[in-house]
Amino acid sequence: MTGTLPGQMSYPVAWLEMYSSAMSLILHQTFSSVTLRAAVSTITGLMQTALTTVMVTWTPPPEATVIGYTVRYRLASGNGDDGTKTVSQGSTSTPINDLTHGETYTFSIEAIASNMLPGVSEEMTITLAPDTPEDVVTAAESSSVTVSWEAVDYANRYTVTFSMAQGTNQQGLCPTDSHTATLTVSAPSTTVSIAVGGDVGSTVTDELRAYTTYEVTVEAVSDVRGTSRPSGTRRVLTPQTSAREAPGDVRAEAESSTDISVQWSGLSNCRLVNGRITKYRVQYAACNTMTEDYALGDGEDWNSGGRVTLTGLTPSTNYSISVAAVNENGDVGLYSDPVTTMTHQYSCESADSLQSSGSTGMIVGVVIGLLGVAVGVSGLIGAAVIAKRHRYHHQCL
């Protein structure tokens, strides 16, 4: 049979049978079909061997007398022209060069045989890049963020990128801006940690801002295959850390021999707040260090100041006073430079009133007529006043 169409597998066939006899001629027609076999190869592998090269391998079609192959390839997106490469008989692999890195290609093999119809294999695709990292997991810890992912074949290293999510700078405390940190991790490691909450600024690329949401991606990098597509994005809120700024304009003023009034202004740099400020801590010391907390009320925030009165202090004593911001986790920020003030001198009038009961006892002695005792009373009152002052001056020894 001749005149068949290449690649067509089934054809209709008609038989004409004639029989003769002494009396008649019989014409018999039979319609049927015949199937012609095609030489079909099977692609066994596509491997990227260089940045823009793919090695194609296949098996020859069974029972076919192959005289050559045609490798066909095209962009999976459908853009661009199809490519072909002719390969001689006996070959079962060939490199395809000058492809575009990062693109996905579809390949097929057409076998040319002398005893069969040409046949085309099933298609196979490959992306010219390492596989994309998968199973990316993020975890925020007390002062860092840890990222892990599944290993990628042929990767020499990984690039982990942290991009601040829009509008989340210090959870909205600061105006919207951008911040990106990037870390490179050598294979085979598939985990990395990055610090949180230092003196963060736009030029810091190996540290994250505290109390801020970041979008995290991982890329695999191969010296042969190039860079993969980024992984799926994961979001992580960095932990709160202590404020990296001290309250400003701290002032202290003695109100009496035992009380000092302290006031201050709030923090001024939103990038250094690093958390939700809930109170301020006032630290003061003469002999021993003590603290007094000032809790922020409704409507007050990190940039709100405060005022407290320290009570029960020692008269005529210098006190060193500092103030720090405290977040809701209890992390204490930087203390302000100390200011010093002295409580008022102890009042003799107060001492006289404190000793009134003793004076009355002495006056009774005067009534009895002991004039000399009355003089002694005056001396005892003076001694009581001196003793009282002595006790105040030495109560923290």
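1. A word on burial before we start: a residue is called buried when its relative accessible area is under 20%, exposed when that area is over 50%, and partly exposed in between, using a 1.4 Å probe and protein chains only. By that rule Val192 counts as buried, because its relative accessibility is 14%. Val192 belongs to strand β16, where a strand is a DSSP run of E with at least two residues, a helix is a run of H or I with at least four, and both are numbered from the N terminus. The C-alpha atom of Val192 is separated by 8.5 Å from that of Val160, which is 32 residues away along the chain.

2. Please keep in mind that this is a predicted model, in which local features need pLDDT of at least 70 and side-chain atom pairs count only at pLDDT 80 or more, while totals for chains, interfaces and linings use all residues. Residues are numbered from 1 along each chain as its sequence is written, and side-chain values use heavy atoms, with hydrogens and water left out.

3. Let's stay with β16 and meet its partner. Strand β16 (residues 191-196) pairs with β13 in the antiparallel sense over 5 bridges; two strands are said to pair if DSSP finds at least two bridges between them. Within this pairing, Thr146 has Ser193 in β16 as its bridge partner. Strand β13 (residues 144-148) is mostly covered, with 4 of its 5 residues buried.

4. β13 also pairs with another strand. Antiparallel to β13 runs β12 (residues 137-140), and 4 bridges join the two. One of the matched pairs is Ala140 with Val145 in β13. The connection between β12 and β13 is a hairpin through 3 residues.

5. Next, have a look at β18. How many of the 10 residues of strand β18 are buried? The count is 8, and the strand (residues 213-222) is described as mostly covered. With β14 it forms an antiparallel pairing over 8 bridges, and Thr159 stands opposite Glu219 of β18.

6. β18 has further partners. It is joined to β20 (residues 234-237) by 4 bridges in an antiparallel arrangement, with Tyr214 opposite Val236 in β20. Strand β19 (residues 226-227) also runs antiparallel to β18, through 2 bridges, and the bridge partner of Val221 in β19 is Thr227. Between β18 and β19 there is a hairpin with 3 residues in between.

7. Now for the sheet of 4 strands. It is open, with the order β24-β23-β26-β27 and antiparallel pairing. Because β24 (289-295) and β27 (339-342) stand at the edges with a single partner strand each, one side of each is left without a neighbour in the sheet. From one strand to the next, the twist averages 30°; here axes are lines fitted to C-alpha atoms, for helices over the stretch in contact, and angles run from 0 to 180 degrees between N-to-C directions. Inside this sheet, β23 (residues 277-285) and β26 (residues 318-327) run antiparallel and are joined by 8 bridges, with Ala285 matched to Ser320 in β26.

8. There is also an open sheet of 3 strands, β21-β22-β25, again with antiparallel pairing. Its edge strands, β21 (248-254) and β25 (306-310), each pair on one side only. The twist here averages 15° from one strand to the next. Strand β22 (residues 260-265) is joined to β25 by 5 bridges, and Gln263 has Arg307 in β25 as its bridge partner.

9. Which cysteines form a disulfide? They are Cys174 and Cys270, with sulfur atoms 1.7 Å apart, inside the 2.5 Å limit that defines such a pair. The pair links distant parts of the chain, 96 residues apart: Cys174 is in the loop between β14 (157-164) and β15 (180-186), and Cys270 is in the loop between β22 and β23. The torsion about the S-S bond is about 115°, so the disulfide is right-handed. Both cysteines are buried, and a search of the whole structure finds 1 disulfide.

10. Finally, the largest pocket holds about 150 Å³ of space. Among the residues lining it are Gln48, Asp131, Tyr154, Arg225 and Arg229. A pocket is an open set of points on a 1 Å grid over the protein atoms alone, where a 1.4 Å probe fits and protein lies on both sides within 12 Å along at least five of seven lines; lining residues have an atom within 4 Å of a point. Points are joined across faces, edges and corners, and the volume is the space filled by probe spheres set on them. By class, the lining has 4 nonpolar, 3 polar and 4 charged residues, with Ala, Val, Leu, Ile, Met, Phe, Trp, Tyr, Cys and Pro counted as nonpolar, Asp, Glu, Lys and Arg as charged, and the others, Gly among them, as polar.
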